[in-house]
Amino acid sequence: MQQLNSYVKIAEAAKILGISPNTLRAWADDDKIPSMINPANSYRLFRREDLEDFLEQASRPVTRKPK
């Protein structure tokens, strides 16, 4: 398992992504972004690497099929 400092709590993760914590909870519940639950305190945690990957994918241009 990775070290705990490679994970962030929901408030910091939401700030990194520029969204509200409630939006991030919904995205995590819908499996749009990976998360884990800390068994010691039940906090939802997000890997920094997953957040960076999500931002990279979100910044890619969308290609649309011509009509």
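A residue counts as partly exposed when its relative accessible area falls between the buried range, under 20%, and the exposed range, over 50%. Glu 56 sits at 47% relative accessibility, so this residue counts as partly exposed. Keep that scale in mind as we walk through the charged pairs of this model, which is a predicted one.

Let us stay with Glu 56 for a moment. Its side chain meets that of Arg 60 in a salt bridge, with an N to O distance of 3.4 Å. The partner, Arg 60, is partly exposed as well, at a relative accessible area of 48%. This pair is one of four salt bridges that the structure holds.

Now move to Arg 44, which forms a salt bridge with Asp 29; here the closest N and O atoms are 2.9 Å apart. Arg 44 belongs to strand S3 (residues 44–47), while Asp 29 belongs to helix H2 (residues 21–29), so the bridge ties together parts that are 15 residues apart in sequence. What is the relative accessible area of Asp 29? The value is 53%, and because the exposed class begins over 50%, Asp 29 is exposed.

Finally, look at Arg 47, whose salt bridge is with Asp 50, the closest N and O atoms lying 2.8 Å apart. Is Asp 50 buried or exposed? With a relative accessible area of 14%, Asp 50 is buried, since the cut-off for that class is under 20%. Arg 47, on the other side of the bridge, has a relative accessible area of 22% and is therefore partly exposed.

Key: Residues are numbered from 1 along each chain as its sequence is written. This is a predicted model: local features need pLDDT of at least 70, side-chain atom pairs count only at pLDDT 80 or more; totals for chains, interfaces and linings use all residues. Side-chain values use heavy atoms; hydrogens and water are left out. Helices (H or I, at least four residues) and strands (E, at least two) are DSSP runs, numbered from the N terminus. Buried means under 20% relative accessible area, exposed over 50%, partly exposed in between (1.4 Å probe, protein chains only).
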